Amino acid sequence: MPVEGGSSSGSASAARHPKQKRKAHSLSIRRTNSTEERPPGIQRGDMLEGQDSKLPLSLRNNLLDLFGQIEREFENLYIENIELRREIDSLNERLTGDGQTIEGGDPTKGALKTKASHSTSQLSQKLKTTYKASTSKIVSSFKATTGSRALCQLLKEYVGHRDGIWDLSVTRTQPVVLGTASADHSALLWSIETGKCLLRYAGHAGSVNSIKFHPTEQMALTASGDQTAHIWRYMVQLPAPQPPPDVSAPCDDDQDSSDREEGEVDGEGPSEVPTVRVATATLKSHQGVVIAADWLVGGRQVVTASWDRAANLYEVETSELVHALTGHDQELTHCCTHPTQRLVVTSSRDTTFRLWDFRDPSIHSVNVFQGHTDTVTSAVFTVGDNVVSGSDDRTVKVWDLKNMRSPIATIRTDSAVNRISVSANQRIIALPHDNRQVRLFDMSGVRLARLPRSNRMGHRRMVCCTAWNEENQSCNLFTCGFDRQAIGWNINIPALLQEK
């Protein structure tokens, strides 16, 4: 979670201490399970040189990685099944012993023997189900690893921040650019096609926790750990498109961006681009970190969410506070506005999210929803009448605005979910996870794909946020993480829906 003040990775990580502990534990397990036995000092490429094959070395390395993953998954499954068998054998021995005692004792206790036999049958059936589910999981994982490359292709990497990136957004007006908000106290604007940094905003004195663009004008809204939200104007000129890189050429840039030195950035870093340092308007009413902000429909008002447990509604023209939205019991984590109606949804660490209705100027109603068991990290509107909420309880739930007593779909995952997004046209949900994965689901909860991740592509630390861009008859998904980079992906929607 973004923090107030300091810019170092360590200070920005501190506020997410519980998540980082879970992640560190997971990484420790992964390293333990993935250790490969090979002679010391000999690399995989050296082992392959002596083998007769016409495949390129890079492709053979990739195949070895894939099959290595399969082998490790089967190995873990095998160990788990051995433990299950031992437990079942122990239970069977116990039940058999009970049956012998009952059989030789009072005949009126025969019902207990029948019950014991029924329990054994149930346990056997449960084991069969476990085997089947585990096998299906392995097959599904392998299909996702190989097939997702055709469905989701890497478009561009955006590297230049000096600390983790908490949020990103795409402009809704021309020229279309990508904006990123980082713990390094800055927000950057990028050319989507070339990956070049076009502008830097340096007006905040704390971590920049979110960025959103005005629906019709060239203005940006940023929220910060300095307890303020800023509205600022930008003017950018897109560079000429560059020819596509030669993908067959060997790649030497395998350096993990999470391991770069604090001051090390690419050639198009923020020090070489125009910088805006003064905000058009500063919103100052909060008493804690401002974690998120968004424009209401029309762009005349904005809403901010803070760790002071309140959300504030402001007039853009005067910067005046219109309403203080109170009621959450703990810190807020996110806020989102409806694309066509005066509705606001706020998320909180109190395991709830609240729907605020400003459609009637005389009545400001609020509804509280308690569908999660842990922090609600984000809740967003879709173009239709739905709200999608994500949580640290590893679930994502889809709600109908017309009847929000219970979710219409529940997605269960294996890792905490961060700031989600839903594509406007196809209504595909993109889930960023603490475990570095990004998964795509439809509104009914059916899994569509997983973004590819390897030692050469994908995020190397937790993924914080996702954002869609469906302009120019193409569908792009953007992701950002605490590895200090944002990544653009081209999503093949027809193929994705066909796979479904």
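A pocket, on a 1 Å grid over the protein atoms alone, is an open set of points where a 1.4 Å probe fits, with protein on both sides within 12 Å along at least five of seven lines. Its volume is the space filled by probe spheres set on the points, which are joined across faces, edges and corners.

You are looking at a predicted model, in which local features need pLDDT of at least 70, side-chain atom pairs count only at pLDDT 80 or more, and totals for linings use all residues. Residues are numbered from 1 along each chain, and side-chain values use heavy atoms, without hydrogens or water.

**First stop: a pocket.** Select Arg172, Lys212, Val422, Ala424 and Trp468, the closest to the centre of the second largest pocket among its 38 lining residues (those with an atom within 4 Å of a point). The volume here is about 990 Å³. Now colour strand 27 (463-469), a DSSP run of E, at least two residues long, numbered from the N terminus; it gives the largest share of the lining, 5 residues.

**Next stop: the largest nonpolar core.** Such a core joins buried Ala, Val, Leu, Ile, Met, Phe, Trp, Tyr and Cys residues through side-chain atoms within 4.5 Å, buried being under 20% relative accessible area with a 1.4 Å probe, protein chains only. This one has 25 residues, and Phe353, Phe381 and Ile429 are among those with the most contacts inside it. Strand 19 (376-381) gives the most, 4 residues.

Zoom in on Val387: leaving out residues up to four places away in sequence, its contacts include Phe353, Trp399 and Met404 (heavy atoms within 4.5 Å).

**Last stop.** Apart from that core lies another, of 21 residues, including Ala183, Cys465, Phe478 and Phe482.

Technical notes:
Buried means under 20% relative accessible area, exposed over 50%, partly exposed in between (1.4 Å probe, protein chains only).
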